[in-house]
Amino acid sequence: MNRPESIYDILLAPLTLSLILGGMGVVLLNNIIYSALSLGLVLICISLFYIILNADFVAVAQILIYIGAVNILILFAVMLMNNPKYPNYAPPWTVGDSITSIVCTSLFCSLITIILNISWFGISLTQKSDQMLERDLTNNIQRIGAHLSTDFFLPFELISIILLVALIGAITIARREETV
């Protein structure tokens, strides 16, 4: 489904701002739980970008896989391994922090310079008729579904079993350390 150009203009700025703020929250928040939740916000914003780009299946896959599985797994791991026995002392500023901030600032400045020097007026959105776009998406989605349910069924199930065993192992290790 093609959306009018004005919707892109209305949604792009707030979505970009929330993506940047969520990314800063991942890096700058001291509480690791809040940092993982900010990562979930970033992943939701990325999936909304996919929806704006008419890649609905990729957006749904992004939500299911990254937000539904990976981010929840990160939250479980952090909550299980967050052990209050160990002191949470860290020096306020180290040499590594200085080097990292210099590298990140230089990368940020170079990216801003590259973005400002690109001629964005030559880039335009390609438009197809609704019928052609709908037929292409249906064929791609049907092909992906057929591959997942036939060719990649066994690897998909094995990965889910491996993740389940890893989660049960993390719970077992966390319970053992609580009793010790």
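1. Let me start with Thr172, which sits in helix H6 (residues 153–179). This is a predicted model, so read what follows in that light. Thr172 is partly exposed, with a relative accessible area of 33%. Its link back to an earlier part of the chain caught my eye: Leu80 is 92 residues away in sequence, yet the two C-alpha atoms are 9.8 Å apart in space.

2. H6 also ties in with the annotation. In the unreviewed UniProt entry, "transmembrane region" is placed at residues 7–26, 32–53, 60–79, 99–123 and 152–174. Over the 152–174 stretch the chain comes out as 96% helix and 0% strand, with 33 Å between the end C-alpha atoms. The 32–53 stretch gives 95% helix, again with 0% strand, and its end C-alpha atoms are 32 Å apart.

3. Overall layout: what do you get if you read along the sequence? The pattern is α-α-α-α-α-α, with 6 helices and 0 strands in the chain. Take the contacts with a separation of 6 or more: 65% of them are between residues 24 or more positions apart.

4. Ile144 gives another long-range pair. This residue belongs to helix H5 (residues 130–149) and is partly exposed, its relative accessible area being 33%. Phe57 lies 87 residues from Ile144 along the chain, and their C-alpha atoms are separated by 9.7 Å.

5. Now the inside. How much of the chain is buried? Buried residues make up 14% of the 180 residues. The largest nonpolar core has 5 residues, namely Tyr8, Leu15, Cys45, Phe49 and Ile52. Helices H1 (5–28) and H2 (32–52) each put in at least two of these, and H2 gives the most, with 3 residues.

6. Ala59 is worth a click. You'll find this residue in helix H3, where Ala59 counts as buried because its relative accessible area, 1%, is under the 20% cut-off. Leaving out residues up to four places away in sequence, Ala59 touches Ser47, Tyr50 and Ile51. There is also a C-alpha separation of 8.0 Å between Ala59 and Phe49, which are 10 residues apart along the chain. Phe49 is one of the core residues from the previous point.

7. Gln62 is in H3 too, a helix that spans residues 56–81. Is this glutamine buried or exposed? Gln62 is buried, at 8% relative accessible area. Setting aside neighbours within four places in sequence, its contacts are Leu43, Ile46, Ser47, Tyr50 and Ile67. Ser47 and Tyr50 turn up in the contact lists of both Gln62 and Ala59. If you are checking side chains around H3, those are good names to have at hand.

8. Finally, the outside. The chain exposes about 14100 Å², with carbon and sulfur atoms supplying 73% of that area. One nonpolar surface patch, of about 620 Å², is made by Leu17, Ile20, Leu21, Met24, Val27 and Leu28. Take Val27 as an example: this valine lies in helix H1 and is exposed, with a relative accessible area of 66%. H1 is also one of the helices that supply at least two residues of the core.

Terms used
Residues numbered from 1 in each chain as written. Predicted model: local features only at pLDDT ≥ 70, side-chain atom pairs only at ≥ 80, totals over all residues. Heavy atoms only, no water. UniProt positions renumbered as here; feature names shortened; annotations may be inferred. Helix = DSSP H or I, 4+ residues; strand = E, 2+ residues; numbered from the N terminus. Buried < 20%, exposed > 50% of the residue type's maximum accessible area, 1.4 Å probe, protein only. Contact = heavy atoms within 4.5 Å. Areas by Shrake-Rupley, 256 points an atom, 1.4 Å probe, with all protein chains shown as cover. Core = buried A, V, L, I, M, F, W, Y, C linked by side-chain atoms within 4.5 Å. Patch = residues over 30% accessible without salt bridge, like charges linked within 9 Å, V, L, I, M, F, W, Y side chains within 5 Å. Salt bridge = Lys/Arg side-chain N within 4 Å of Asp/Glu carboxyl O.
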